[in-house]
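Work through the exercises below with the model open beside you. Try each task before reading its solution.

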There are 2 protein chains.
Amino acid sequence: MLSYTEENYLKALYHLMVEKDTKPEAGTNELAAYLGVKPATVNDMLKKLKDKKLITHERYGKIRLQTSGRKLAIEIVRKHRLWETFLYEKLDFNWHEVHDVAEQLEHIQSPKLIEKLDAFLNYPSFDPHGDPIPDKDGNMPKSQRRPLSKSVEGCRVVILGVSEHSELFLNYLSDNHIGLNDKFTVERITPFDETMRLSSKKNPDILVSNKAANKIQVTCLRSDCGCGKM
Amino acid sequence: MLSYTEENYLKALYHLMVEKDTKPEAGTNELAAYLGVKPATVNDMLKKLKDKKLITHERYGKIRLQTSGRKLAIEIVRKHRLWETFLYEKLDFNWHEVHDVAEQLEHIQSPKLIEKLDAFLNYPSFDPHGDPIPDKDGNMPKSQRRPLSKSVEGCRVVILGVSEHSELFLNYLSDNHIGLNDKFTVERITPFDETMRLSSKKNPDILVSNKAANKIQVTCLRSDCGCGKM
DNA sequence: TATAAAAGTTAGGCACATCTAACAAATTGT
DNA sequence: ACAATTTGTTAGATGTGCCTAACTTTTATA
Ligand SMILES: [Mn+2]
Ligand SMILES: [Mn+2]
Ligand SMILES: [Mn+2]
Ligand SMILES: [Mn+2]
């Protein structure tokens, strides 16, 4: 049985490695910064996780998840995203409110609870941020999400998710009436700064900066718009 | 902000005091036994709770909850019972399975979560064991529950709850097809050992020992059966 | 009332998760 | 290649929650 803290270290390692499409390894300082603790603290924990055969790490070397550690990390990600979905779908939480509560709920120990919750939610594949929810065997559903910034003029897109979860960004989207599963047409892209002008049923004119468009994940609804979708 | 452990001490004190209709005070050994820790451990915690003005306690004296401590304890009881209701009503947990998971869930910190959960469950007044759920101001709903053993021959009763939560007892009830809100007629009470013979639609002949009848809480559906109901 | 039993306290210690401060190794840049 | 910077490690300390063992106070009982 892992402690609350050990679980958070595994999950942090998993996220650091997924969000790094180069080598799946992390450093002590990097992990410390991510978790908001000091490198010395991480070092103590590395010893414990190594003893439990969840990671590999040798002195002055890089940290890697072992298969057992990755499996546990994915279980925690699964719980986190199922709880986020529950809060959003069933309890009417806002987009930006679900994460912090899920940070607590993800540590509840009860396999039955998670299976029942999954069933209650109808076995969802994606959470309210559009992130994939691993199934009970740890398989991640695939989606052809791509940043909105890759779309071209004339594209008809649907919002599948976001790649940043900050309250600031999520509120910015809400304020601009951009929500999960909303559909938009890319009307115009300003050449100089690539600001996008979108239209939707609810709102005929929405301006989205390139910075924001990079964080908004969409899929293209037409195959003939030339946006480079496979 | 209280720790997980501090919350459990407050809740334990509350339960010890409610379940004792004499003086609302508890002893060190009593509390230690209830929580499954050693008296020395309790002593350390008493110091902390006293510093936080949640209890009163002087050397070799009895422990009492202060108003602030009682209020916090009731909040935890509220969370516990709402979660039990959620697990039972929405996730199809069995009677005896809800408690252990609720022991974990009761410590999740999010006022919004609890208010939303309460609304989602339609502001229930009683949990799956028939125990009262305090409202958000800490008021306990009243019910005229009384042990089944107080009923007399001819009484028509409905099961409102149980005063013991062990898996053994709850499974005993399930095995005998006795469930929450089920209705029974008291057909016969054996004079010598007060064993009760009940009948219901599902099952025309159920034998209930006096030991069990003491733990089953009912309300009488007729006013003329002479069972002493007010 | 004296003694035995029960209840409560204290001292000292341990595991966990964290810190600071000092140090060592590896990497980078001139 | 050497120095400077970054990265990682170690030692020693703290607070929480728990323990055992020894002690003291209160309560029960002979
Ligand atoms: Mn977490
Ligand atoms: Mn998410
Ligand atoms: Mn608890
Ligand atoms: Mn209950």
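Three exercises follow, on a metal site, a strand and a DNA surface.

This is a predicted model, in which local features need pLDDT of at least 70, side-chain atom pairs count only at pLDDT 80 or more, and totals for chains, interfaces and linings use all residues. Residues are numbered from 1 along each chain as its sequence is written, chains are lettered from A and ligands numbered from 1 in the order in which they are written, and side-chain values use heavy atoms, with hydrogens and water left out.

**Exercise 1. Metal site**

Task: Find which residues are the protein donors of the manganese ion (ligand 2).

Solution:
- Apply the cut-off: donors are N, O and S atoms within 2.8 Å of the metal (3.2 Å for Na, K and Ca); water is not among the atoms, so sites may look incomplete.
- The protein donors are A:Glu84 (OE), A:Asp127 (OD) and A:His129 (ND1), 2.1 to 2.3 Å from the ion.
- Their spacing in sequence is E-x42-D-x1-H.
- A:Glu84 sits in helix α4 (residues 67–89) of chain A and A:His129 in the loop between α6 (111–120) and β3 (146–147) of chain A, so this pair ties together parts 45 residues apart in sequence. Helices (H or I, at least four residues) and strands (E, at least two) are DSSP runs, numbered from the N terminus.
- Both A:Glu84 and A:His129 are buried (under 20% relative accessible area; exposed is over 50%, partly exposed in between; 1.4 Å probe, protein chains only).

**Exercise 2. Strand β8 of chain A**

Task: Establish how many residues of β8 (216–220) of chain A are buried, and which strands pair with it.

Solution:
- Five of its five residues are buried.
- A:Ile216, A:Val218 and A:Cys220 point one way; A:Gln217 and A:Thr219 point the other.
- Pairing requires at least two DSSP bridges between two strands.
- β3(A) pairs antiparallel with β8(A) over two bridges. A:Pro147 stands opposite A:Gln217.
- β4 (residues 156–162) of chain A runs antiparallel to β8(A), joined by five bridges. Here A:Ile159 faces A:Val218.

**Exercise 3. DNA strand D**

Task: Identify which element supplies the largest share of the surface near DNA strand D, then list phosphate contacts.

Solution:
- Near means a residue heavy atom within 4 Å of the strand.
- α3(B) gives the largest share, five residues.
- Of the strand D atoms within 4 Å of the protein, 71% belong to sugar or phosphate.
- Polar contacts are pairs of N or O atoms within 3.5 Å; within protein, one must be able to donate a hydrogen and the other to accept it, and residues adjacent in sequence count only if both atoms are side-chain atoms.
- A backbone N or O atom of A:Asn29 is 2.8 Å from a phosphate oxygen.
- For the side chain of A:Arg59, the distance to a phosphate oxygen is 3.0 Å; for that of A:His57, 3.4 Å.
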